[in-house]
Amino acid sequence: MTERTLTIIKPDSVEKNNVGAIIAHLEREGFRIVAARMMRLTEAQARAFYEVHRERPFYDDLVAYMTSGPVWPMCLERENAVVHLREVMGATNPAEANEETIRALYGESIERNAIHGSDSPENAAREISFFFPETDLV
Ligand code: CMP
């Protein structure tokens, strides 16, 4: 079933000029880009996006990091998109990510881990609408 998910190319990837390589990697994996933008998150946006983690000890650092530079949110589409993106992305901690995954190739720490990917179809729908109105999904 064709499905949509959300990725965010994070500030560490933008800073290191890895945006093009990461997009090429995703395209090779069969993802179609349905929407994309480059932006700098405000503190309020980062807090709201990561609301589910608000009780976690790393929440404030995560918000500070995600607002430290530009990011690229993108809506991606393919068969089984949520699960496939999580496979291609690799484990949260790049040191534990399988070889050749995006986080193994481009991440450097559990915080500076290259990209975000939605963890369920329900969260994908919420996260896509967080960044893109329906009319931007093309
Ligand atoms: P992401 O997939 O964007 O979702 C939440 C983020 O919190 C996660 O990637 C990590 O970059 C970040 N994070 C920082 N510290 C931790 C931690 N100890 N456990 C899980 N996630 C963490």
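A salt bridge is a side-chain nitrogen of Lys or Arg within 4 Å of a carboxyl oxygen of Asp or Glu. The exercises below concern a predicted model.

**Exercise 1.** Determine how E43 and R47 are related in helix α3 and how far each is exposed.

*Solution.*
1. The closest N and O atoms of E43 and R47 are 2.9 Å apart, and the pair forms a salt bridge.
2. Both residues belong to helix α3 (residues 43–49), where they lie four residues apart; they are therefore separated by about one helical turn.
3. Partly exposed denotes a relative accessible area between 20% and 50%. E43, at 47%, is therefore partly exposed, and R47, at 27%, is likewise partly exposed.

**Exercise 2.** Identify the salt-bridge partners of R54 and classify the exposure of the residues involved.

*Solution.*
1. R54 meets E51 in a salt bridge at 3.0 Å, N to O.
2. R54 also forms a salt bridge with E55, with the closest N and O atoms 3.8 Å apart.
3. R54 has a relative accessible area of 45% and is partly exposed; E51, at 36%, is partly exposed.
4. E55 counts as exposed, at 68% relative accessibility.

**Exercise 3.** Establish where the buried residues of helix α5 lie around its axis and which elements they pack against.

*Solution.*
1. In α5 (residues 81–89), the buried residues are A81, V82, H84, L85, V88 and M89.
2. Because they cover an arc of only 170° around the axis, they are on the same side of α5.
3. The elements against which they pack include β1 (2–9), β3 (72–79) and α7 (121–131).
4. After α5 comes G90, with a positive phi near 90°.

Conventions. Residues are numbered from 1 along each chain as its sequence is written. This is a predicted model: local features need pLDDT of at least 70, side-chain atom pairs count only at pLDDT 80 or more; totals for chains, interfaces and linings use all residues. Side-chain values use heavy atoms; hydrogens and water are left out. Buried means under 20% relative accessible area, exposed over 50%, partly exposed in between (1.4 Å probe, protein chains only). Helices (H or I, at least four residues) and strands (E, at least two) are DSSP runs, numbered from the N terminus. The arc is that of the directions from the helix axis to the C-beta atoms. Contact means heavy atoms within 4.5 Å.
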